[in-house]
Amino acid sequence: MTETTLAAPHTPADLPTRIQHYIDGAFVDSADGDTFDVLEPVTNRTYLQAAAGKKADVDAAVAAARRAFTDGPWPRMLPRERSRVLHRIADLVESRDARLAELESFDSGLPITQALGQARRAAENFRFFADLIVAQTDDAFKVPGRQLNYVNRKPIGVAGLITPWNTPFMLESWKLGPALATGNTVVLKPAEFTPLSASLWAGIFEEAGLPAGVFNLVNGLGEEAGDALVKHPDVPLISFTGESSTGQLIFANAAPHLKGLSMELGGKSPAIVFEDADLEAAVDATIFGVFSLNGERCTAGSRILVQRSIYDEFVERYAAQATRVKVGYPHDPETEVGALVHPEHFAKVMSYVELGKSEGRLVAGGGRPEGFAEGNFVAPTVFADVPPTARIFQEEIFGPVVAITPFDTDAEALALANDTKYGLAAYLWTNDLTRAHNFSQAIEAGMVWLNSNNVRDLRTPFGGVKASGLGHEGGYRSIDFYTDQQAVHITLGEPHHPTFGKN
């Protein structure tokens, strides 16, 4: 039986009763006055109304951002000046990490200890790009005595940022940091399920000294506010994190305007455990890799492939440990799995749990945890003996549900790992160095972790292949996405070119 934590639900003090847009330095309602309900996931009660943005609101936000870009100081500041503002933003986020985590946990269902880690990571994202733009160098190419060529980086304009409901504050910082560091202005459209923490950015940016109009926020539904942002002719860049089907729609809607796109999409990442692996470490890491963040993470290792010689022992140990994962209210520091974000998503995950009972052998979980009759709580669920044709093997569930499948040979493991439309991450557990390198290079994934779990240096590229994304962000890849690289060519000495029309 999954352990539960039955303390009373917690409501943070001083919760707002409504959330507005933030446009050109001011909080405003929607042009038509429309709102939508926001639910908290422990009881699914409505706790506030948020302004429901539509095309008119997006138009106003883009116009403000465009004015700030063409007429304001931000794009023309020296990198060191922008860096100071970003460092102040990081300081403010760090100083408010407890409050940010409390609100994020309440709004999203994320366990409070994990939400606190995400708040601190948000601060680090700003600090990283604040340092990177000061240290940045660009290429120069010389032909002595004849020509000098150099690259001039320029901010592009208004960046449209569309963020998901899982770890929203941190993922917003991941986009806001490099977009602002490089001198762009932004319009942020946060996920409608979790708008609470995004509403705090405005006050943080004002206090840090970001000029009015550089940051704008429009709440609303994806098919209204998000669609208007993607289609706006004055928004040359769209950075999107979310599910692959939405990414396909954004790709199609952005095509007529030839926008720059960076899209981090879904995943169904394999964790491959070979017989020579450290079994205890592999069990611990793969438990964390799928059940942390409530399983609502794009890089979750939700397909575990285990070599047959250790398969039975692995399944037994994994199932036993999964039943000990502590499900509880998000605010409780003992909680390891909280509440899923929204009843719609809960229903989706539970439908896969029921489907899995006919596609695999249920060895842990399989429904609501004991003591949680309401809210979006799912017991950590483990299916063994799952064939690769199963939907729970092929489709992204985005919850605390894992499928375990045996394999015999390295070639079979590779075929199983690549047998999905996704290609975001992969995790390898082996002590064979040759196998580790060969397998890493053959697997169809944008990122591979060897004998570790999702520990990433911010300088490295983040992104996937196949249906898991388009482009990469992180480090200089983010700088590349948010800037135009203009090549400047200078002739030294006499011009060198053919002469037409003299005779």
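Is Arg153 buried or exposed, judged by its relative accessibility? At 18% relative accessibility, Arg153 counts as buried, because buried means under 20% relative accessible area. The structure described here is a predicted model, and the points below take up its salt bridges, its helix contacts, a helix with buried residues and two residues with a positive phi.

**Salt bridges**

- Side chains of opposite charge can pair when their charged atoms come close.
- The structure holds 25 salt bridges, and the pairs and the network described in this section are among them.
- Arg153 forms a salt bridge with Asp480, and the closest N and O atoms of the two residues are 2.8 Å apart.
- This pair links distant parts of the chain, since Arg153 belongs to strand 8 (residues 147-155) and Asp480 to helix 15 (residues 476-481), with their positions 327 residues apart in the chain.
- Whereas Arg153 is buried, its partner Asp480 is partly exposed, with a relative accessible area of 33%.
- Asp29 forms a salt bridge with Arg18, and here the closest N and O atoms are 3.0 Å apart.
- Asp29 lies in the loop between strand 4 (26-28) and strand 5 (35-39), while Arg18 lies in strand 2 (residues 18-19), so the pair ties together parts that are 11 residues apart in sequence.
- Asp29 is partly exposed, with a relative accessible area of 44%, and Arg18 is partly exposed as well, with a value of 47%.
- The side chains of Glu40 and Arg45 also meet in a salt bridge, at 3.6 Å from N to O.
- In this pair Glu40 counts as buried, at 4% relative accessibility, whereas Arg45 counts as partly exposed, at 35%.
- A network of salt bridges links Asp32, Asp34 and Lys54.

**Helix contacts**

- Two packed helices are described by the angle between their axes and the distance between the axes.
- The axes of helix 2 (residues 79-95) and helix 5 come within 10 Å and cross at roughly 165°.
- Helix 2 and helix 5 are therefore roughly antiparallel to each other, as angles over 145 degrees count as roughly antiparallel, and their crossing is right-handed.
- On the side of helix 2 the contact is made by Arg82, Leu86 and Val93, and on the side of helix 5 by Phe169, Gly177, Leu180 and Ala181.
- Sorted by class, the residues in the contact of helix 2 with helix 5 are five nonpolar, one polar and one charged.
- Helix 5 (residues 168-181) also meets helix 6 (residues 201-208), and the axes of these two helices come within 13 Å and cross at roughly 35°.
- The crossing of helix 5 and helix 6 is right-handed.
- Phe169, Glu172, Ser173, Leu176 and Leu180 in helix 5 are in contact with Trp201, Ile204 and Phe205 in helix 6.
- By class, this contact of helix 5 with helix 6 has six nonpolar residues, one polar residue and one charged residue.
- Further along the chain, the axes of helix 13 (residues 410-418) and helix 14 (residues 433-442) come within 11 Å and cross at roughly 30°.
- That angle makes helix 13 roughly parallel to helix 14, because angles under 35 degrees count as roughly parallel.
- Helix 13 passes helix 14 in a right-handed crossing, and the contact is made by Asp410, Ala413, Leu414 and Asn418 of helix 13 together with Arg435, Phe439 and Ala442 of helix 14.
- The residues of the contact of helix 13 with helix 14 divide into four nonpolar, one polar and two charged.

**Buried residues of helix 7**

- In helix 7 (residues 222-231), the buried residues include Ala225, Gly226, Ala228, Leu229 and Val230.
- The elements that cover the buried residues of helix 7 include helix 1 (55-70), strand 9 (158-162), strand 10 (185-189), strand 12 (237-241) and helix 8 (244-254).

**Residues with a positive phi**

- Most residues other than glycine have a negative phi.
- Asn44 has a phi near 65°, a positive value in a residue other than glycine, and its place is in the loop between strand 5 and strand 6 (46-51).
- At 23% relative accessibility, Asn44 counts as partly exposed.
- Asn294 also has a positive phi, near 65°, and its place is in the loop between helix 9 (279-291) and strand 15 (303-307).
- Asn294 is buried, with a relative accessible area of 0%, whereas Asn44 is partly exposed.

Key
Residues are numbered from 1 along each chain as its sequence is written. This is a predicted model: local features need pLDDT of at least 70, side-chain atom pairs count only at pLDDT 80 or more; totals for chains, interfaces and linings use all residues. Side-chain values use heavy atoms; hydrogens and water are left out. A salt bridge is a side-chain nitrogen of Lys or Arg within 4 Å of a carboxyl oxygen of Asp or Glu. Helices (H or I, at least four residues) and strands (E, at least two) are DSSP runs, numbered from the N terminus. Buried means under 20% relative accessible area, exposed over 50%, partly exposed in between (1.4 Å probe, protein chains only). Axes are lines fitted to C-alpha atoms, for helices over the stretch in contact, and angles run from 0 to 180 degrees between N-to-C directions. A crossing is left-handed if the near helix is turned anticlockwise from the far one by less than a right angle, and right-handed if clockwise. Contact means heavy atoms within 4.5 Å. Ala, Val, Leu, Ile, Met, Phe, Trp, Tyr, Cys and Pro count as nonpolar, Asp, Glu, Lys and Arg as charged, and the others, Gly among them, as polar. Angles under 35 degrees count as roughly parallel, over 145 as roughly antiparallel, 65 to 115 as roughly perpendicular and the rest as oblique.
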